[in-house]
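Biologist: I should be grateful for a close look at a single part of this model, the largest pocket, followed by an account of the chain around it. Please be explicit about the residues concerned.

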Amino acid sequence: MARRTKAEAESTRAAILDAAEVLFYQHGVSRTTLEKIALAANVTRGAIYWHFQNKADLFNAMLERVRLPFQHLLDAVDNNPAEEPFLQIRNLMTNGLQLIASSAQHHRVLTIVFHRCEYIDELNPAVTKQDELDEQTVAVLQRAFERAAQLGTLRDNVSPRLAAMSLHMYVGGIISNYLLKPQQCDLQKYAPMLIDTLLQGLKKP
């Protein structure tokens, strides 16, 4: 009985997150109320508060569902310092872009983050979490570029920090544009070449 109850609770939580994801994507975060989410998920508003403290908590839980694959990609770079750093960075960024191109859920959630989210006070905890992930990404890239500098493969006039920031902003721009107009570029196909274009400018000839 307890097992079934736990499974039902998990199913209800997933239904709420699914409904929130679709509504945030269709209407934006600020225009989506908990009442609308409850109606779409076929649950009571009380059921939402059983699982989530508020809309910011719900928003953050939605993000967590797509963060894990990116987190694994980042961890793989830090946990394998003996590998060639430029190859690590290339794989990290290429796999990240291809994940967005191949996963409808990642496409929806990142569209919400980039284009459907007003950075208003009620979402501050979730926005802070996203900022933390951005900072972690830059830090992982910086450590990889530091290893490249030690190996003599990073251009002499480019600091690891500048290289990390440049790549992060470049990829962020690619993602933002792709989410708005996915028909402009076959990201699944061209992700490696898009990453190589910038890395060629950072790598010592």
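Modeller: The residues of the lining of the largest pocket divide into 16 nonpolar, five polar and three charged. The model is a predicted one, and the pocket described here has a volume of about 550 Å³. Its lining comprises 24 residues, and those closest to the centre of the pocket are Gln130, Asp134, Thr137, His168 and Ile175. Rolling a probe the size of a water molecule over the atoms shows where empty space is left.

Five helices each supply at least two residues of this lining: α4 (55–78), α5 (85–102), α6 (104–115), α7 (124–151) and α8 (160–180). Of the helices, α4 gives the most to the lining of the largest pocket, with six residues.

The setting of the pocket is a chain with nine helices and zero strands. Read along the sequence, the pattern is accordingly α-α-α-α-α-α-α-α-α. The C-alpha atoms of the protein chain fill a box of roughly 60 × 40 × 30 Å along the principal axes. Of the 205 residues, 40% count as buried. The accessible surface of the chain comes to about 11300 Å², and carbon and sulfur atoms account for 53% of that surface. Among contacts in the chain with a separation of 6 or more, 75% are between residues 24 or more positions apart.

The salt bridges show how particular helices are joined. Side chains of opposite charge can pair when their charged atoms come close. The structure holds eight salt bridges, and three of them may be taken in turn: Arg65 with Glu21, Arg45 with Glu35 and Arg90 with Asp196.

The side chains of Arg65 and Glu21 meet at 3.1 Å, N to O. Arg65 belongs to helix α4 and Glu21 to helix α1 (residues 2–27), so this pair ties together parts that are 44 residues apart in sequence. The partners differ in their exposure class: Glu21 is buried, with a relative accessible area of 2%, because the limit for a buried residue is under 20%. Arg65, at 27% relative accessibility, counts as partly exposed. Arg65 and Glu21 also take part in a network of salt bridges that links Asp18, Glu21, Arg65 and Arg108.

In the pair formed by Arg90 and Asp196, the closest N and O atoms are 2.6 Å apart. Arg90 lies in helix α5 and Asp196 in helix α9 (residues 187–202), so the salt bridge ties together parts that are 106 residues apart in sequence. Both partners are partly exposed, Arg90 at 27% relative accessibility and Asp196 at 22%.

Arg45 and Glu35 form a further salt bridge, with 2.2 Å between the closest N and O atoms. Arg45 lies in helix α3 (residues 45–51) and Glu35 in helix α2 (residues 34–41), so the pair ties together parts that are ten residues apart in sequence. Arg45 is partly exposed at 36% relative accessibility, and Glu35 is likewise partly exposed, with a relative accessible area of 42%.

The loop between α2 and α3 is the place of Asn42. Most residues other than glycine have a negative phi, and most peptide bonds are trans. Asn42, although not a glycine, has a positive phi of about 60°. Asn42 is also exposed, with a relative accessible area of 73%.

Two further residues add detail to individual helices. Gln142 is found in helix α7, one of the helices that supply at least two residues of the pocket lining. Gln142 is buried, with a relative accessible area of 19%, a value that falls within the buried class because that class covers anything under 20%. Leaving aside residues up to four places away in sequence, Gln142 touches Pro160, Arg161 and Ala164.

Ala7 is found in helix α1 and is partly exposed, with a relative accessible area of 42%. The C-alpha atoms of Ala7 and Leu23 are separated by 24 Å, the two residues being 16 apart along the chain.

To return to the part requested, the lining of the largest pocket has 16 nonpolar residues beside five polar and three charged, with α4 as the helix that gives the most to it. Helix α4 also holds Arg65, the partner of Glu21 in helix α1.

Note on methods
Residues numbered from 1 in each chain as written. Predicted model: local features only at pLDDT ≥ 70, side-chain atom pairs only at ≥ 80, totals over all residues. Heavy atoms only, no water. 1 Å grid on protein atoms, 1.4 Å probe; cavity = no way out; pocket = protein on both sides within 12 Å on 5 of 7 lines; lining within 4 Å. Points joined across faces, edges and corners; volume = space filled by probe spheres on them. Helix = DSSP H or I, 4+ residues; strand = E, 2+ residues; numbered from the N terminus. Nonpolar A, V, L, I, M, F, W, Y, C, P; charged D, E, K, R; others polar. Buried < 20%, exposed > 50% of the residue type's maximum accessible area, 1.4 Å probe, protein only. Contact = heavy atoms within 4.5 Å. Areas by Shrake-Rupley, 256 points an atom, 1.4 Å probe, with all protein chains shown as cover. Salt bridge = Lys/Arg side-chain N within 4 Å of Asp/Glu carboxyl O.
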